[in-house]
Amino acid sequence: MTMIRFHDVSKIYHIGGEEVHALDHASMHISPGEFVSIIGPSGSGKSTMMNIIGCLDVADSGEYLLDGLPIEQYSERELTRVRNRKIGFIFQNFNLIQRMTAEENVELPLIYQGVRTAQRRQRVWEALERVGLSKRGHHRPTELSGGQQQRVAIARALVTEPSLFLADEPTGNLDSRTGNEIMELFHELHERGNTLVLITHDEKVAQQACRRIRIFDGRVEEVDG
Amino acid sequence: MIFQSLKMAWSAILSNKMRSFLTMLGIIIGVVSLVVLVSIVSGATDSVTEQINSIGTNLLTVRITDDKENPLKLSELSEIAEKEEIGETAPIAQTGATAKSGYTSDDITVYGTTGAYYNIQGLTLAAGRFLKKSDMDNNTYVAVLNQTAAEEIFGTTNVIGEEISLDGRGFRIVGVLAEEESAVSSLISGTLEAYIPYTTIIRMADNIFHITSFYASSADEDSMDAAESTLKTWMLERFGNDEDAFTIINQSALMETMGSVTNTLALMLGGIAGISLLVGGIGIMNIMLVSVTERTKEIGIRKAIGAGRASIMMQFLIEALMVSLMGCLAGIVLSVGILYLAGMAMEEMSFHISMGVVWVAVGFSVLIGVVFGIYPAGKAAGKPPIEALRYSG
């Protein structure tokens, strides 16, 4: 059983009449419960890979299986549903909605799932508790530090109990001490049996994962940790 | 989900209060002008209609322009009145005179008519009696004054039995009319009027020789057209089939004309107000488009965590609808206030908001919210999530 399977996946962008192979026949697989980092310099195609794994984009050719489901033929509506139920995103710049409180931000994916109010409150509180921010629920992102904002984002990702956490340079905007705290949280998530994919260009961060997948010019090489 | 969308829209509106208010202002002004203008026109129409009604809608006025050397006689008027469709008939003639009593004198309008005039015009007496048939038969010198005349000349309305001199002839006052309380009569109040027997005015005035105009009432208000055609047939027969010898004015036809004029006016003013609502709607669209661009990132985040096209569409559409409906509500409340003040300023007229125009305003606002909200909402919903997430603005 694999969580993620890429088989011969290609993605080509046309920029100024020139073809750019963002992903060039990439193949790899990730099993449930793994903590994997995808590492590569900027322009290597790791963002494209993340977008495809996260169902924000679809591949031009090749096969992508998520939880055993082939993704490439999905309609926009189905992709939305997969993002909502199966994937928890954590972004470099946190991507919280500024005019909403921490609680409201965490609540949002549950609203789109159609969870009832009482259950929603309970789950939001639990999620904030797990990232150690249960007392900060009523604060807006501007009233929180970078580390705290990233914790809120992690709470928003884990509140739906997704099959996969997808983190894109989660420590990129944080100082090293706060970055380490966030990494602690990821280890905690991993220990609880969650699948984590961490995308980074930073070797030190990448080394903390159990397995590393290196990507260069759209080609994938496995590096065993 | 609807409740959540409402909550989201509300928080978005609150997050930029000034801008939301300015956007709403377009709708507020549109709704106020629609409701106030239409209400004022319909209020004015109501009060004018009421006054015409009080004169009597079953009134036919006949004016004879060419009597073919064979003028109408009073007995012929009675003959007309005997017809089934006709209620009563009364001749009317008027002349100016100087009224005198003791040392007071004043200009007065003297009307010569018969007793039927009282019912046809729907008059009411304050004291005494109106003219009688015996007054006609005997050419008596009796007069009925209106209230203004009694007050101006005698200083009191208690004048039954007093003598009054009209152009030097002595008349005995037998009745005083009650003042009518309507805007039309208050406009022409101040005129002094005396009513004397028709036969007497012919003797008194040197320019009145025979009947040149008279009033007729229909048997009831529904048979106006039948009464008019009966009267017309009779008159044609009487005056050698010459249609130009006389004119018949139908009061209810006048009402209909009036009605169509005021309806056109209301439609025209409503249309102008509608245009300002439309402009308000364009304002909403403009601001929604700006808002969608500003919130591109938010849309990207929402899509990434699982908001579908429909949810995003709904969120922005509800926001547009909410702005236009809130504007509409504020506009209606403001209109009530303005009409209340207008009603206080102009006592003769009463303005009340017609529920019809309120529903039109609400319906129009919903339409505007949807029509002008759907394009920005569609634009928001169609944003590809990756590009939206990458947006930094």
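**Chain B: overall form, a helix pair and the contact with chain A**

In chain B of this predicted model, 83% of the contacts with a separation of 6 or more join residues that stand 24 or more positions apart. The secondary structure of this chain comes to 14 helices and eleven strands. Buried residues account for 38% of the 393 residues in chain B.

The overall dimensions come next. The C-alpha trace of chain B spans about 105 × 50 × 30 Å along its principal axes. Its radius of gyration is 34 Å, whereas a compact globule of 393 residues would have a value near 21 Å.

Two packed helices can be described by the angle between their axes and the distance between those axes. For H12(B) and H13(B), the latter covering residues 355–381, the axes come within 7 Å and cross at roughly 150°. Because of this angle, H12(B) is roughly antiparallel to H13(B). The crossing of H12(B) and H13(B) is right-handed. Where H12(B) meets H13(B), the contact residues comprise 21 nonpolar, seven polar and one charged.

H12(B) appears again at the contact between the chains, to which chain B gives 17 residues and chain A gives 19 residues. On the side of chain B that touches chain A, the elements giving two or more residues are H1 (2–15), H11 (296–304), H12 (309–345) and H14 (385–390) of chain B. The largest share of this side, four residues, comes from H11(B). Sorted by class, the side of chain B that touches chain A has eight nonpolar, six polar and three charged residues.

Note on methods: Residues numbered from 1 in each chain as written. Chains lettered and ligands numbered in written order. Predicted model: local features only at pLDDT ≥ 70, side-chain atom pairs only at ≥ 80, totals over all residues. Contact = placed C-beta atoms within 7 Å. Nonpolar A, V, L, I, M, F, W, Y, C, P; charged D, E, K, R; others polar. Axes fitted to C-alpha atoms, helices over the stretch in contact; angles between N-to-C directions. Parallel < 35°, antiparallel > 145°, perpendicular 65-115°, else oblique. Left-handed = near helix turned anticlockwise from the far one by under 90°. Rg over C-alpha atoms; globule rule 2.2 N^0.38 Å. Buried ≥ 20, exposed ≤ 12 C-beta atoms within 10 Å, placed from the backbone.
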